[in-house]
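Me: I should like to learn how descriptive terms are justified for a protein model. Please set each value against its definition and then conclude.

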Amino acid sequence: MSDLVIVESPAKAKTIQKYLGNGYEVIASMGHIRDLPKSKLGVDTDNDFQPQYTDMKGKEDVIKELKKRAKKCGKVYLATDPDREGEAISWHIAQLLKLDMNDNNRVAFNEITKTGVSNGMSHPHKIDIDLVNAQQARRILDRLVGYKLSPFLWKKVKRGLSAGRVQTVAVSLVVDRENDIRKFVPKEYWSIDAKFIAPSSPKAFDAALVSVDGKKLEIPNQAEADGLLKRLEGAEYTVDSVKKRVTKKQPAPPFITSTMQQDASRKLGFTAKRTMKAAQELYEGVDVEGIGAVGLITYMRTDSLRISDEAKAAAKQYIETVYGADYLPEKPRTFKTKSNAQDAHEAIRPSIPELTPERVKSGLTADQYKLYKLIWERFIASQMANALLDTVSAEISANGCIFRASGYSVKFNGFTVLYEESTDGEDAVKKMLPPLAAGDKLELKSISGNQHFTQPPPRFTEASLIKALEENGIGRPSTYAPTITTITARQYVEHEGKQLKPTSLGEVTTELMKEHFKGIVDAKFTADMESSLDEVESGSKDWVSTLREFYGGFADDLQKAEEAMEGKRVKVPDEETDIVCEFCGRNMVIKYGRYGKFIGCPGFPECSNTKKIVTEADGNCPRCGKKMLLKKSKKGRSFYGCEGFPDCNFMTWNVPTAELCPNCGKTLFNKGGKSGRLICENEGCGYERELKK
């Protein structure tokens with residue numbers, strides 16, 4: 001009689017079955033099987049917040065199969081993901097199958113490899129009820145906020161709205177940033193920039209004026225800039241000092257959930273949701289040529305920077321073999337995890353470091369390969385030697401004015417041979433200076449005063465919003481991606497390019513929440529609640545008392561808001577366009593519907609005229625010559641279709657360009673992005689060429 005191992009997904013089941021072999025049967029629960037009911041609150045607030053769990057709709061066949069298999073097996077092992085949510089799924093399955101809660105039937109896999117599965121099965125333990133209670137508390141908190149607050153928003157703002165505890169704070173951050181941008185008043189300032197030629201080289205180098213008569217430079221207007229330029233007319237420029245030093249640059253630590261999502265956003269253009277989908281697939285297992293099904297990365301929901309000794313040893317061996325001993329640090333690197341981290345798992349790393357991205361590429365989708373390459377390179381680089389930079393800083397004097405020039409050259413590339421961390425801002429470009437020595441007389445090639453204005457804070461991107469949520473202690477590794485997905489799906493926030501911009505709905509709702517539910521919107525309050533959930537997980541706090549502390553104040557706030565808003569309703573302002581309604585002559589406005597934005601007449605219901613929001617792309621349809629339009633599939637993926645649809649049904653995933661085919665004169669399409677090809681999609685032409693690197 002085989003033992004039964006229950007996991008969440010078929011992909012994970014397939015990989016684990018390979019390692020366990022005969023004597024085990026691995027099946028998938030397809031995620032959660034029980035939850036709070038959708039049709040009602042499902043929480044008894046008068047009886048210690050007892051949840052009323054029900055079998056999930058659509059899971060009848062799965063539940064029936066689980067019960068059937070459990071009756072015929074020897075022992076049941078629960079092998080759901082090693083986090084709060086996974087523990088709760090195992091707890092629900094155990095209750096469904098009437099398993100002994102004191103039995104050591106829970107196993108956890110940090111990585112789904114032969115070693116990881118073997119270690120997990122060798123150390124079964126009881127279901128961690130503290131972990132379960134932390135997840136229950138989070139689920140009930142979110143249910144209380146959602147089901148109690150959403151009807152209030154329906155009555156006072158717009159029907160169909162929903163509220164969420166963490167999502168509300170995320171929207172508030174985006175709205176606050178937008179308000180900061182609006183209130184920002186640019187401040188004028190000037191700089192004096194010069195180009196010099198040294199005796200040692202004919203190539204000019206840049207320097208900037210930094211001080212005058214020993215005082216730090218501030219130039220508020222053109223008059224003062226012109227005055228300084230006049231003072232420097234005919235001046236002699238002399239090198240006062242040259243400082244040289246070697247600077248060490250350390251590698252970034254391996255990824256945790258938040259940094260992986262940020263880097264994937266910056267470098268790959270992935271949304272947080274897309275990143276986590278690919279990461280989940282890499283963790284659960286993919287078919288690698290010559291190996292079979294294997295989990296390529298460790299568990300991807302983590303805030304720990306721990307790395308196992310075995311992984312460090314494997315990285316060391318790879319670095320020494322490929323790059324040489326010079327690229328190894330004096331001792332293996334360790335990275336300090338933040339004090340408020342759960343530290344339940346290792347950092348995100350390749351489960352088998354010797355499996356390079358190129359070695360596994362044939363078995364991966366494009367997204368899986370790009371993300372695996374990012375994770376693998378970041379991990380290997382984290383175990384490499386520092387980069388060494390020769391930096392030079394020179395000060396140049398003239399008539400009591402000091403100019404500064406700086407630059408660097410790479411003395412030893414170290415970890416940067418493989419990977420460098422990306423940032424949200426742009427680092428100043430530093431060029432190497434020519435050889436300089438104190439006393440050198442320089443030739444002035446050019447000098448000018450340049451006007452600048454201080455810039456407002458930038459809008460959040462997905463990467464910078466995730467960073468802000470993490471820094472403020474809002475949410476945990478498992479919540480960043482669903483939070484951003486939710487606030488965009490609910491039309492509180494929208495993407496404008498890579499930036500996140502609040503909608504009118506998001507701004508109105510946030511203003512209302514700040515007025516009546518300060519605790520829900522307050523970042524510190526939400527962070528403290530996350531800390532309370534961590535205490536529940538560690539067993540140092542009771543989950544019922546945690547809910548009681550929250551609910552008392554929340555219920556009072558809700559009652560006061562209902563009284564203060566009696567008979568009132570908040571109007572969401574429409575964003576007016578320059579498109580005139582052809583039926584009634586009004587300027588049409590942007591509205592938000594179930595399927596996103598559209599243009600509608602403000603005279604509704606008297607005038608119900610609506611239009612789709614159309615984004616024109618470069619180029620023309622290769623079949624009929626009409627314009628190409630950017631469109632969205634049902635799953636939200638961008639594609640391009642002919643303006644003449646349905647008469648012309650041409651569509652493509654490739655990006656139309658302004659360039660024409662040299663053979664037939666039709667529009668060329670970009671296939672594969674910056675490193676792809678230009679192709680002609682005119683039937684029968686066949687022209688294509690590689691893009692210039």
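Me: Why is Val 294 called buried?

Reply: In this predicted model, Val 294 has a relative accessible area of 0%. The term buried applies under 20%, so Val 294 is buried.

Me: Where is Val 294 found, and which residues is Val 294 in contact with, leaving aside its neighbours within four places in sequence?

Reply: Val 294 is found in strand β13, which covers residues 292–294. Leaving aside neighbours within four places in sequence, Val 294 is in contact with Thr 15, Tyr 19, Ile 112, Thr 113, Gly 285, Val 286, Val 288 and Ile 352. Contact here requires heavy atoms within 4.5 Å. As for Ile 474, its C-alpha is 33 Å from that of Val 294, and the two are 180 residues apart in sequence.

Me: How much of the chain counts as buried?

Reply: Of its 693 residues, 47% count as buried. The chain contains 18 helices and 30 strands.

Me: Why do Cys 624 and Cys 642 not form a disulfide?

Reply: A disulfide requires two cysteine sulfur atoms within 2.5 Å. The cysteine sulfur closest to that of Cys 624 belongs to Cys 642 and is 3.3 Å away, which is too far for a bond.

Me: What is the corresponding value for Cys 664?

Reply: The sulfur of Cys 664 is 3.5 Å from its closest cysteine sulfur, in Cys 680, and this is again too far for a bond. By the distance rule, the count is zero disulfides.

Me: What makes Cys 624 partly exposed?

Reply: Partly exposed lies between the limit of 20% for buried and that of 50% for exposed. Cys 624 has a relative accessible area of 39%, and is therefore partly exposed. Cys 664, at 31%, also counts as partly exposed.

Me: Why are helices α5 and α15 called oblique to each other?

Reply: Their axes cross at roughly 120 degrees. An angle over 145 would count as roughly antiparallel, whereas 65 to 115 would count as roughly perpendicular. The value of roughly 120 degrees fits neither range, so the helices are oblique to each other. The axes come within 12 Å, and α5 passes α15 in a right-handed crossing.

Me: Which residues meet where α5 and α15 are in contact?

Reply: From α5, Leu 149, Phe 152, Leu 153 and Lys 156 meet Thr 509, Leu 512 and Met 513 of α15. The residues of this contact divide into five nonpolar, one polar and one charged.

Me: What makes the phi of Met 30 notable?

Reply: Most residues other than glycine have a negative phi. Met 30 is not a glycine, yet its phi is positive, at about 60 degrees. Met 30 is found in the loop between β2 and β3. Its relative accessibility is 44%, so Met 30 counts as partly exposed.

Me: Where is Asn 399 placed, and what is its phi?

Reply: Asn 399 is in the loop between β14 and β15. Its phi is positive, at about 55 degrees, although Asn 399 is not a glycine. At 41% relative accessibility, Asn 399 counts as partly exposed.

Me: What kind of peptide bond joins Phe 604 and Pro 605?

Reply: Most peptide bonds are trans. The bond joining Phe 604 and Pro 605 is cis, with omega of about 10 degrees. Pro 605 is in the loop between β21 and β22. A cis bond also joins Phe 645 and Pro 646, with omega of about 10 degrees, and Pro 646 is in the loop between β25 and β26.

Conventions: Residues are numbered from 1 along each chain as its sequence is written. This is a predicted model: local features need pLDDT of at least 70, side-chain atom pairs count only at pLDDT 80 or more; totals for chains, interfaces and linings use all residues. Side-chain values use heavy atoms; hydrogens and water are left out. Buried means under 20% relative accessible area, exposed over 50%, partly exposed in between (1.4 Å probe, protein chains only). Axes are lines fitted to C-alpha atoms, for helices over the stretch in contact, and angles run from 0 to 180 degrees between N-to-C directions. Helices (H or I, at least four residues) and strands (E, at least two) are DSSP runs, numbered from the N terminus. Angles under 35 degrees count as roughly parallel, over 145 as roughly antiparallel, 65 to 115 as roughly perpendicular and the rest as oblique. A crossing is left-handed if the near helix is turned anticlockwise from the far one by less than a right angle, and right-handed if clockwise. Ala, Val, Leu, Ile, Met, Phe, Trp, Tyr, Cys and Pro count as nonpolar, Asp, Glu, Lys and Arg as charged, and the others, Gly among them, as polar.
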